[in-house]
Amino acid sequence: MTRFVKQFRMHLVLALVVLGLLVGLACESRSTPSPHDAAEGPVLDTEILAFLSLARAGHHQADILEGTGNVDGALGSLERIVNAPRPHPGQTIPEVEETLADAYARMADLRLTKGDVAGAKKDVDDGLTHAAEPTYFRGHLFTMYGIVEQQRAANAVDAGRDAEAAEARTHAVALLREAMDIQERVIGKVLGDAGADR
Amino acid sequence: MAENEPRKPKHLEEVQGPDAPATEDELARAEALRVALDDASRPSEDAELLRALALAESPRPLAEAAQDALVARALTRMDARKARVKSHQRGVVVRVTFGAAALIAAAAAVVLVVGRSGNLDGGTQPELAHVRSTQALFDQPFERGQATARADRIAVARTADLRQNRFARWGVK
């Protein structure tokens with residue numbers, strides 16, 4: 001191998017290293033979200049809207065089935081919402097999270113009409129995983145949680161389990177108090193924001 | 001011309017060309033050519049031509065000394081040519097290296113510009129609606145049995161946002 005070929009290779013390797021560094025820098029500058037992006041999250045797109053439209057259709061379908069007394073059918077419509085593929089997996093999309101929280105809250109409500117207290121409790125628990133921040137959605141789930149416990153207390157009374165009934169009533173009161181606290185905080189925040197998104 | 005020699009016809013006396021009798025000048029040049037052929041040291045283009053023709057017909061072997069001299073001269077020329085080619089190659093390598101480096105630098109600059117601005121025309125990104133909580137769409141705590149109305153409200157509001165995003169990307173204000 002001649003000295004010139006060696007020199008050429010050395011220059012080429014150096015140039016490639018420099019190029020790699022520059023490309024890496026460019027990619028980093030592009031992929032690193034700005035504070036503005038981090039605050040707002042990804043841009044709204046058709047994938048997200050498709051999920052929201054699916055949820056809308058699911059709720060309307062559940063309305064029709066529930067109206068005819070088909071509670072299981074209505075639950076099936078809502079389960080299709082919560083089991084649907086999520087847009088942008090790995091990313092938190094507030095609209096999607098809140099839609100899921102509300103669907104779980106309605107499922108809990110429907111299960112209570114069937115007397116399925118344990119199932120309703122599970123729905124509430126699942127819903128709360130999608131509503132960690134103090135919002136109407138979280139407040140609504142706590143309200144449903146309180147109602148579930150209220151129903152559990154009623155069932156315990158009917159079964160003659162007075163101690164369980166008392167415990168469930170106490171728990172229900174605490175949950176409904178928490179629900180009201182959340183709603184009050186949210187109302188104060190909404191009044192402070194003056195309905196900027198409306 | 002003898003008296004008893006028959007006289008040439010008038011038209012033959014003026015004959016020119018190959019059949020014409022040699023002139024004094026031609027005779028002199030023929031003598032010079034003969035002498036030049038006998039003595040190679042005499043300069044004569046005609047003699048050289050004739051010798052070349054003769055050698056082409058029946059070439060003589062080269063003298064050993066002459067052959068060695070020719071080979072030595074050819075080798076010397078070849079070495080000189082190799083040196084020139086080597087020098088030229090070095091120049092090519094340097095030019096190619098710097099050319100490639102310049103191209104890579106230009107490409108990197110484009111990548112940087114694209115990476116920073118997100119587009120080539122350097123225009124600013126349009127204001128687009130991002131995902132966010134739907135909380136602001138509601139002004140009172142939720143009631144049981146109103147889940148469908150909430151789903152409607154969320155979907156309608158975000159449909160409008162998505163439409164605005166499309167218009168913004170198209171440059172429609």
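Start by selecting the whole of chain A, where buried residues account for 33% of the 198 residues; bear in mind throughout that this is a predicted model. Coloured by secondary structure, chain A shows eight helices and zero strands, so that from the N terminus on the elements read α-α-α-α-α-α-α-α. If you display contacts in chain A between residues at least 6 apart in sequence, 60% of them join residues at least 24 apart.

Next, select helix α5 (residues 94–113) of chain A together with helix α6 (residues 117–128) of chain A, whose axes come within 8 Å and cross at roughly 170 degrees. Because angles over 145 degrees count as roughly antiparallel, α5(A) is roughly antiparallel to α6(A). To see how the pair meets, show the side chains of A101(A), Y104(A), A105(A), M107(A), A108(A), R111(A) and L112(A) on α5(A), and on the α6(A) side those of V117(A), G119(A), A120(A), D123(A), V124(A), D126(A) and G127(A). Coloured by residue class, the residues of this contact divide into nine nonpolar, two polar and three charged.

From here, widen the selection to the largest nonpolar core, which has 47 residues, and in which Y104(A), A108(A), V124(A), L141(A), M144(A) and V148(A) touch the most other members. The elements giving two or more residues to this core are α3 (46–67), α4, α5, α6, α7 (136–158) and α8 (162–193) of chain A, together with α5 (147–170) of chain B, so keep chain B visible at this stop. The greatest contribution to this core is that of α5(A), with ten residues.

Now centre the view on V148(A), which, leaving aside its neighbours within four places in sequence, is in contact with A108(A), L112(A), V117(A), A120(A), K121(A) and V124(A). Then select α7(A) as a whole: this helix has 23 residues and reaches 33 Å from its first C-alpha to its last, close to the 33 Å expected at 1.5 Å a residue. Following α7(A) you will find G160(A), whose phi is positive, near 80 degrees.

For the last stop, go to the loop between α4 (71–82) and α5 of chain A and select H88(A). Its phi is near 50 degrees, a positive value in a residue other than glycine. Is H88(A) buried, exposed or partly exposed? With 15 other C-beta atoms within 10 Å, H88(A) is partly exposed, since a residue needs 20 or more such atoms to be buried and 12 or fewer to be exposed.

Conventions:
Residues are numbered from 1 along each chain as its sequence is written. Chains are lettered from A and ligands numbered from 1 in the order in which they are written. This is a predicted model: local features need pLDDT of at least 70, side-chain atom pairs count only at pLDDT 80 or more; totals for chains, interfaces and linings use all residues. Axes are lines fitted to C-alpha atoms, for helices over the stretch in contact, and angles run from 0 to 180 degrees between N-to-C directions. Helices (H or I, at least four residues) and strands (E, at least two) are DSSP runs, numbered from the N terminus. Angles under 35 degrees count as roughly parallel, over 145 as roughly antiparallel, 65 to 115 as roughly perpendicular and the rest as oblique. Two residues are in contact if their C-beta atoms, placed from the backbone, lie within 7 Å. Ala, Val, Leu, Ile, Met, Phe, Trp, Tyr, Cys and Pro count as nonpolar, Asp, Glu, Lys and Arg as charged, and the others, Gly among them, as polar. A nonpolar core is a set of buried Ala, Val, Leu, Ile, Met, Phe, Trp, Tyr and Cys residues joined through C-beta atoms within 7 Å. The expected span of a helix is 1.5 Å times one less than its number of residues.
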